[in-house]
Structures are given as structure tokens and as C-alpha cells.
Amino acid sequence: MKGDTAGSVPETVRYSFAVFVAAAVLSLLNAVYQLSNGLSGALVLVGAGIEASLFLVLGSQMRIGKLWARMALMAFAWVFVALGVLFVVGLFTGPTGPIGGQELVAAIGYLAKIVLIVIGTVLMYRSESYGYFR
């Protein structure tokens with residue numbers, strides 16, 4: 001049964017939403033960190049804002065049982081995973097040589113966000129969640 005009461009939303013869906021909220025917050029914090037340490041320009045903050053907005057809007061729609069939101073959230077989430085992987089690979093294979101502490105912190109932030117996205121996606125596609133989106 002669809003709805004937004006704690007009893008009707010499967011635990012896996014609630015946890016998935018919480019994980020996507022955490023990924024959105026981590027994305028914004030990582031972007032602010034990069035900007036404040038001169039690692040990236042303001043465009044990274046704009047991208048993180050778009051990413052966080054998509055995670056929050058689509059995640060809230062997914063939480064109330066919208067099938068289209070679950071599919072869109074997965075699609076956008078995996079685009080951001082790919083971009084995060086490219087960023088991390090670029091840090092470690094860039095022409096600047098060994099990365100410093102600031103770059104390592106940014107890379108850890110991206111890797112943590114990637115892990116959160118994978119967990120959130122797995123949770124919303126678990127068998128316990130499947131019937132909620134029909």
C-alpha cells in the first residue's frame with residue numbers, strides 16, 4: 001500500500017531515502033571543501049547543488065512509491081557515480097604527480113558518496129521494496 005506513513009513504507013525504501021539524503025549532504029560538503037581549498041572552481045559547487053537537488057526531489061518521490069522516480073533516481077545516481085569515478089581516477093593519474101592531503105580528502109569524499117549511492121540503489125531494488133512500487 002502506498003503512502004508516507006512509517007508503517008506503510010518498507011524499511012528498505014526509508015533507508016534508501018536516508019542514504020540518498022546522506023549522499024546529497026556529503027556531495028555538498030565535499031564541494032564546499034574543494035572550493036575553500038582551491039581544488040575546484042564554483043562549477044563544482046553548482047554541480048553538487050544540482051546533484052543534491054535531484055537526490056532529494058527524486059528520493060522523496062521514490063519514498064512515496066513513484067516507480068518513475070525510482071528509475072530516474074537510479075539513472076541519475078549512476079551518472080554521478082561515473083563522474084565520481086572519473087574524478088578519483090583523474091586525481092590518481094593526473095600529471096601533477098602524487099596527490100597531497102587535500103586531494104586525498106576530496107577523493108575519500110567522492111568514494112564515500114559512491115558507496116552511499118550503491119547502498120541506496122541496492123536498498124530501493126531489494127525484494128522487500130519491489131511490491132511497494134507496483
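The largest pocket encloses about 280 Å³ of space, in a model that is predicted. Two or more residues of its lining come from each of α1 (11-36), α2 (42-63), α3 (67-93) and α4 (101-124). Apart from this pocket, the points below concern the largest nonpolar core, which has 19 residues, and Phe133, which is found in the segment after α5 (127-130).

**Largest pocket**
- The lining of the largest pocket is made up of 17 residues, and those that lie nearest its centre are Val44, Ala48, Glu51, Tyr110 and Lys113.
- Sorted by class, this lining comprises nine nonpolar, six polar and two charged residues.

**Largest nonpolar core**
- Within the core of 19 residues, the most contacts are made by Val13, Phe20, Phe55, Met62, Leu73 and Ile117.
- At least two residues of this core are supplied by each of α1, α2, α3 and α4, and α3 gives the most, with five residues.
- Once residues up to four places away in sequence are set aside, Phe55 touches Phe20, Ala23, Ala24, Ser60, Leu73, Ala77, Phe80 and Ile117.

**Phe133, after α5**
- Phe133 has a relative accessible area of 3%, and because buried means under 20%, this residue counts as buried.
- Leaving out neighbours within four places in sequence, Phe133 is in contact with Val13, Met62, Gly65, Lys66, Leu67, Arg70 and Met124.
- Phe133 and Met62 are 71 residues apart along the chain, while their C-alpha atoms are separated by 8.4 Å.
- Val13 and Met62, both contacts of Phe133, are also among the residues with the most contacts inside the largest nonpolar core.

Conventions
Residues are numbered from 1 along each chain as its sequence is written. This is a predicted model: local features need pLDDT of at least 70, side-chain atom pairs count only at pLDDT 80 or more; totals for chains, interfaces and linings use all residues. Side-chain values use heavy atoms; hydrogens and water are left out. On a 1 Å grid over the protein atoms alone, a cavity is a set of points where a 1.4 Å probe fits but cannot get out, and a pocket is an open set with protein on both sides within 12 Å along at least five of seven lines; lining residues have an atom within 4 Å of a point. Grid points are joined across faces, edges and corners, and a volume is the space filled by probe spheres set on the points. Helices (H or I, at least four residues) and strands (E, at least two) are DSSP runs, numbered from the N terminus. Ala, Val, Leu, Ile, Met, Phe, Trp, Tyr, Cys and Pro count as nonpolar, Asp, Glu, Lys and Arg as charged, and the others, Gly among them, as polar. A nonpolar core is a set of buried Ala, Val, Leu, Ile, Met, Phe, Trp, Tyr and Cys residues joined through side-chain atoms within 4.5 Å. Buried means under 20% relative accessible area, exposed over 50%, partly exposed in between (1.4 Å probe, protein chains only). Contact means heavy atoms within 4.5 Å.
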